[in-house]
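Work through the exercises below with the sequence and the structure open. Try each task before reading its solution.

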Amino acid sequence: MTTAIDLAADVAAGRVRPEQAVDDALARISARDSDVGAFVRVRADAARAEAAALSRRTDLGSLPLAGVPIAIKDNVAVAGEPMTIGSRATVHDPQPADHAIVSRLTAAGAVVVGITAVPELCLFGATDSPDRITRNPWNRNLTAGGSSGGSAAAVASGQVLLAHGNDGLGSIRIPAADCGLFGIKPGSGVVPPQGGGNGWYGMAENGPLATTVADAGLMLAVMADDMSLATAATGSNASALRIVVADNFPLAIGSTDPHWAATLTAASQVAAEIGHHISAADLPYPTNPAPLMLRWVGGAAADADDIAGHGGDLRKLQKRSRRHTALGRVVNRRGLVTEQQKSATVARVERYLDTAGADVAMTPMLARPPIDAARWSERGWLANMYANIGYAPFAGLINLLGWPAMSVPFGVHPASKTPMAVQVFGRPGSEATLLGLAAQIEQARPWPRIAPGFDGL
């Protein structure tokens with residue numbers, strides 16, 4: 001199975017034409033997507049035209065993603081395509097221009113072959129809509145995660161090598177963990193943010209999903225306009241780190257599945273074998289969930305208001321989304337989100353790392369296997385909240401901090417037969433450090449790059 005880096009090199013050298021790379025991806029989408037429901041739109045004609053234009057260029061060797069087919073999540077703009085954010089409430093007119101990250105990716109030679117599915121307003125950790133259920137390529141009875149579930153399913157089923165995601169409460173890391181991919185959420189200000197709304201009060205960031213750390217590092221480097229991140233993702237310059245391992249559960253009620261807990265132990269042992277220094281200490285998760293909850297609902301309300309401001313009809317929102325955004329409007333109207341909530345949490349976690357003498361922290365990525373692939377969009381708000389918080393409680397703290405974090409595949413759950421993973425996060429500016437560590441873990445314990453039953457690329 002090839003990589004995005006190898007495919008770009010083949011295109012640059014003339015061994016593969018961009019048109020062939022795109023046609024191959026379109027053929028895989030046609031053959032496989034009916035099983036997983038990753039794509040909401042496929043840009044066959046536009047992608048072929050863009051590939052043909054690439055073929056006429058004489059500078060393919062200078063393009064880091066030359067001819068590489070990619071997928072874009074349905075909440076950033078791709079010129080000429082609707083941006084629905086998974087909702088019938090949005091106006092489905094073609095977007096007039098590309099989002100900044102799409103412009104950067106296509107300027108680097110990538111070709112957008114399709115737009116991937118999201119839950120409505122990207123609110124939840126399972127991806128479905130009245131039109132489709134996005135299924136996990138490893139186990140079709142379970143979700144591919146959310147909100148970047150379509151992107152994760154597209155990569156894990158081998159339809160594309162790279163996909164864009166974004167992450168406001170784990171929406172890159174959760175589907176990456178569900179589907180056995182490497183995903184990284186950069187820290188604040190590294191990659192241009194989404195347009196509209198308030199970015200969930202600054203918690204949401206754009207990032208990559210890929211089958212290898214090097215591919216993800218390259219995509220992140222292009223989106224960030226910082227090619228040093230691609231070098232870091234090879235692991236060649238990685239140095240010994242001080243890693244503090246936190247196995248405590250973030251919530252007052254609940255626990256981590258024993259297999260997920262064992263994965264954390266095993267991954268930390270591998271990190272020690274590589275040469276990193278391991279310690280253990282409980283992470284000071286906030287005892288008050290309000291700072292996260294207020295930003296989640298308040299950010300969703302701002303997104304809904306932005307949709308209405310662009311001609312959308314909020315009466316068409318799903319019932320669960322109407323409840324979520326109604327709560328958010330109360331939050332926003334009363335000014336319940338404050339900077340002090342964030343700064344106090346940042347100070348606690350900084351003290352934690354300082355006390356542990358740690359560069360980065362490692363936690364479980366999820367508390368248990370993916371939830372069912374079902375029509376969660378038809379269920380009530382409380383049912384969705386209970387299911388999401390119960391299986392993915394570890395990610396949100398890092399969004400509140402605004403720090404970088406990644407999901408690194410590690411093992412397969414014996415009951416669900418879906419992948420497991422660990423989360424690693426660090427202080428602002430530690431993206432290169434995280435990528436280097438992930439590359440070392442990948443080299444020490446390689447993971448299956450796509451789900452069983454799907455042929456390689």
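The exercises that follow concern a predicted model and deal with one helix and two pockets.

**Exercise 1. The length of a helix**

Task: Find what span helix H13 should have at 1.5 Å a residue, and compare it with the distance between its end C-alpha atoms.

Solution:
- Step 1. Helix H13 runs over residues 339–356, which is 18 residues.
- Step 2. The expected span is 1.5 Å times one less than the number of residues, and for H13 this comes to 26 Å.
- Step 3. The end C-alpha atoms of H13 are 26 Å apart, so the model agrees with the expected span.
- Step 4. Just after H13, glycine 357 has a positive phi of about 65°.

**Exercise 2. The two sides of the helix**

Task: Determine which residues of H13 are buried, which are exposed on the other side, and what the buried ones pack against.

Solution:
- Step 1. Count a residue as buried under 20% relative accessible area and as exposed over 50%.
- Step 2. Gln341, Thr345, Val346, Val349, Tyr352 and Leu353 are the buried residues of H13.
- Step 3. These residues lie on the same side of H13, because the arc they cover around the axis is only 125°.
- Step 4. The general rule behind such a pattern is that an α-helix has 3.6 residues a turn, so residues three or four places apart point the same way.
- Step 5. Glu339, Gln340, Arg351, Asp354 and Thr355 are exposed on the other side of H13.
- Step 6. The packing partners of the buried residues are strands S9 (242–245), S11 (360–364) and S13 (419–426), together with helices H11 and H15.

**Exercise 3. The largest pocket**

Task: Describe the volume and the lining of the largest pocket.

Solution:
- Step 1. The volume of the largest pocket is about 870 Å³.
- Step 2. Its lining has 39 residues, and Leu251, Ile389, Gly390, Ala392 and Pro393 lie nearest the centre.
- Step 3. Helices H11 (290–309), H14 (381–391) and H15 (396–401) each give two or more residues to this lining.
- Step 4. H14 provides the largest share, with 7 residues.
- Step 5. Sorted by class, the lining has 27 nonpolar, 11 polar and 1 charged.

**Exercise 4. The second largest pocket**

Task: Do the same for the second largest pocket.

Solution:
- Step 1. The second largest pocket has about 640 Å³ of space.
- Step 2. Among its 29 lining residues, Asn75, Met83, Ile85, Gly195 and Asp306 lie nearest the centre.
- Step 3. At least two lining residues come from each of strand S6 (162–167), helix H7 (199–202) and H11.
- Step 4. H11 supplies the largest share, 3 residues.
- Step 5. The lining consists of 10 nonpolar, 14 polar and 5 charged residues.

Note on methods: Residues numbered from 1 in each chain as written. Predicted model: local features only at pLDDT ≥ 70, side-chain atom pairs only at ≥ 80, totals over all residues. Heavy atoms only, no water. 1 Å grid on protein atoms, 1.4 Å probe; cavity = no way out; pocket = protein on both sides within 12 Å on 5 of 7 lines; lining within 4 Å. Points joined across faces, edges and corners; volume = space filled by probe spheres on them. Helix = DSSP H or I, 4+ residues; strand = E, 2+ residues; numbered from the N terminus. Nonpolar A, V, L, I, M, F, W, Y, C, P; charged D, E, K, R; others polar. Buried < 20%, exposed > 50% of the residue type's maximum accessible area, 1.4 Å probe, protein only. Arc of directions from axis to C-beta. Contact = heavy atoms within 4.5 Å.
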